[in-house]
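Here are some notes to read alongside the model, written for someone meeting such a structure for the first time. Please keep the sequence and the 3D view open as you go through the points.

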Amino acid sequence: MAAVTIGGAKQLFVDDFLIDRRDGVNLVMNRPHAEPAMLLGTDKAWQEGPQDFIWAASSVLAVNGKVRLWYQVNVLEPRPQPVGFVAVDKFVAYAESADGVHFDKPDLNLCPRDGAKPNNVVIPDTEGCSVWIDPKAQPQRRYRSIHCDAQAYKPVFHSSPDGLRWTRTHEAAIGDCDSQASIFWDRTIGRYVMYTRQWVPKPPPPETASRAHRRLESDDLVHWDRSTIILQADERDLATYDASDDMPPVDYYGACVFRYPDPTGPYLMLAQPFWHWYPRGGPTRPGPCGYDVRMLVSRDGANFERLRDRPVFLGPGPMGGWCSRQVWVLPQPLVMNDEIWIYFFGANFDHEGILDPWSQGRHRTGIGRAVTRLDGFVSADAGFDGGELTTKPIVFDGERLELNIDTSIGGFAQVEILDEQGQPIAGFAKDECEVICGNSVRWPVRWNGPRQIAELAGRPVRLRFVMRDSRLFAFQFVNDRGSRG
């Protein structure tokens with residue numbers, strides 16, 4: 001078995017990529033904790049006339065110690081079913097925060113609206129945005145934004161030097177595009193990649209269509225090629241429920257795709273399936289007619305694997321709350337100290353505008369936050385009876401091994417370093433490893449002998465983790481001078 005060169009890069013247990021054998025150890029997705037409070041809203045109830053509502057296609061970035069939020073606002077006017085509501089105006093507004101929790105909406109006065117009153121609108125007449133910083137762009141176009149024109153089915157690009165003053169640059173002809181997209185410069189292939197929605201024929205029969213997610217590549221953000229479908233309802237999805245009309249019971253409305261923990265890490269997808277699987281009478285669509293969030297993993301950005309049992313990653317909040325019927329993850333979760341903050345859009349009414357009956361007649365939307373530990377998406381878990389995990393041969397660069405691990409007080413972990421033949425290397429056997437018992441995102445592994453781990457750098461070795469009642473999230477070889485991959 002060929003060795004995998006990992007250098008000093010952090011290694012996550014989001015899949016079996018580095019795992020050769022595991023016994024009594026399971027890979028388990030960890031749901032983030034969704035904070036109950038809405039962080040940002042319009043603070044207006046749905047009344048008789050049009051009202052402003054925050055909507056799904058919003059974006060967040062952490063830049064120079066500040067959390068910057070570009071949020072979509074739809075001005076909605078209620079209509080009888082089966083329409084539910086219509087948008088009479090759409091725009092992107094801006095908010096910012098020093099701590100990522102308390103947001104200010106500055107009076108920017110950049111885009112006149114409502115008689116030139118002070119406002120925080122930055123892109124008018126636009127249905128949402130995906131904002132990212134382009135490392136290949138000139139300074140005046142450092143910030144990029146894309147939104148998908150729901151009428152023309154074309155992605156429209158804007159650029160900005162500061163994230164506030166935006167200029168429309170171009171459209172791209174890629175076929176249908178009517179939902180939020182994820183775009184970034186992929187260092188591995190040296191091209192831009194876009195993940196966006198497309199309508200595809202339903203298999204079988206072919207006379208109906210459903211929403212799927214696809215991937216494209218580009219050198220210049222104008223010309224796109226290598227379009228491939230990467231996620232759509234499969235046989236297991238379609239067999240879960242009997243569709244109550246000519247639509248499948250679920251299709252995939254959108255997806256947030258990013259690389260974690262750095263631009264060379266694995267690709268993670270937080271996908272928004274659109275569920276509509278039970279009849280509820282009248283002219284409305286089948287229920288529940290809303291979104292939750294599922295997680296997928298890829299090592300090449302094109303072939304994504306669903307997690308076993310397809311668990312929900314982020315679901316709606318409690319009935320009666322502000323996000324009880326829909327949740328939608330904003331692109332690019334933020335690493336904030338030793339946590340990951342995942343911002344999301346939520347609503348207490350479904351895609352048809354039908355209100356959660358526990359919400360006392362008030363329609364609400366807003367932006368919230370879910371939190372998990374650093375590297376906390378998936379962990380390799382051993383129960384109380386214990387288990388072990390052995391990696392494939394790896395070649396590392398570093399002077400110390402650190403683990404992101406959480407053991408119970410009654411649990412522990414130890415690490416053994418093996419040679420290519422699977423034999424313990426003298427000085428690094430399990431019984432020579434100090435017992436690990438505790439919870440840390442950077443637990444230093446120590447052996448009792450005089451040998452230094454740097455002696456093994458550059459040669460193929462395996463790691464054997466022996467655990468009981470523990471969760472192992474990641475490992476990383478680092479230098480004593482403090483540098484990490």
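In which loop, and between which strands, is N64 found?

1. The model is a predicted one, and the question above is a good place to begin reading it. N64 is found in the loop that runs between strand 8 (59–63) and strand 9 (66–78). Its backbone deserves a look, since N64 has a positive phi of about 50 degrees although it is not a glycine. N64 counts as exposed because its relative accessible area is 78%, and the cut-off for that word is over 50%.

2. N109 can be read in a similar way. This residue, which is not a glycine, has a positive phi of about 55 degrees, and it lies in the loop between strand 10 (85–97) and strand 11 (121–124). With a relative accessibility of 47%, N109 is described as partly exposed.

3. Two peptide bonds that lead into a proline should be checked in the view. The bond from Y260 to P261 is cis, with omega near 10 degrees, and P261 has its place in the loop between strand 20 (250–259) and strand 21 (267–278). The bond from G287 to P288 is also cis, with omega near 0 degrees, but here the proline, P288, lies in a strand, namely strand 22 (residues 287–291).

4. Is S359 buried or exposed? S359 is buried, because its relative accessible area is 8% and buried means under 20%. The residue lies in the loop between strand 28 (339–347) and strand 29 (365–373). If neighbours within four places in sequence are left aside, S359 is in contact with G320, G321, S324 and N348. With N348 there is, in addition, a polar contact of 3.3 Å between the two side chains.

5. The last point concerns the second largest pocket, whose volume is about 700 Å³. Its lining is made up of 27 residues, and those that lie nearest the centre are L61, W132, I133, F184 and Q332. The elements that give two or more residues to this lining are strand 8, strand 12 (130–133), strand 16 (182–186), strand 20 and strand 27 (334–336). Sorted by class, the lining of the second largest pocket has 21 nonpolar residues, together with three polar and three charged ones. While tracing it, you may recall that strand 8 is also one of the two strands on either side of the loop that holds N64.

Notes:
Residues numbered from 1 in each chain as written. Predicted model: local features only at pLDDT ≥ 70, side-chain atom pairs only at ≥ 80, totals over all residues. Heavy atoms only, no water. Helix = DSSP H or I, 4+ residues; strand = E, 2+ residues; numbered from the N terminus. Buried < 20%, exposed > 50% of the residue type's maximum accessible area, 1.4 Å probe, protein only. 1 Å grid on protein atoms, 1.4 Å probe; cavity = no way out; pocket = protein on both sides within 12 Å on 5 of 7 lines; lining within 4 Å. Points joined across faces, edges and corners; volume = space filled by probe spheres on them. Nonpolar A, V, L, I, M, F, W, Y, C, P; charged D, E, K, R; others polar. Polar contact = N/O pair within 3.5 Å; in protein donor to acceptor, adjacent residues only side chain to side chain. Contact = heavy atoms within 4.5 Å.
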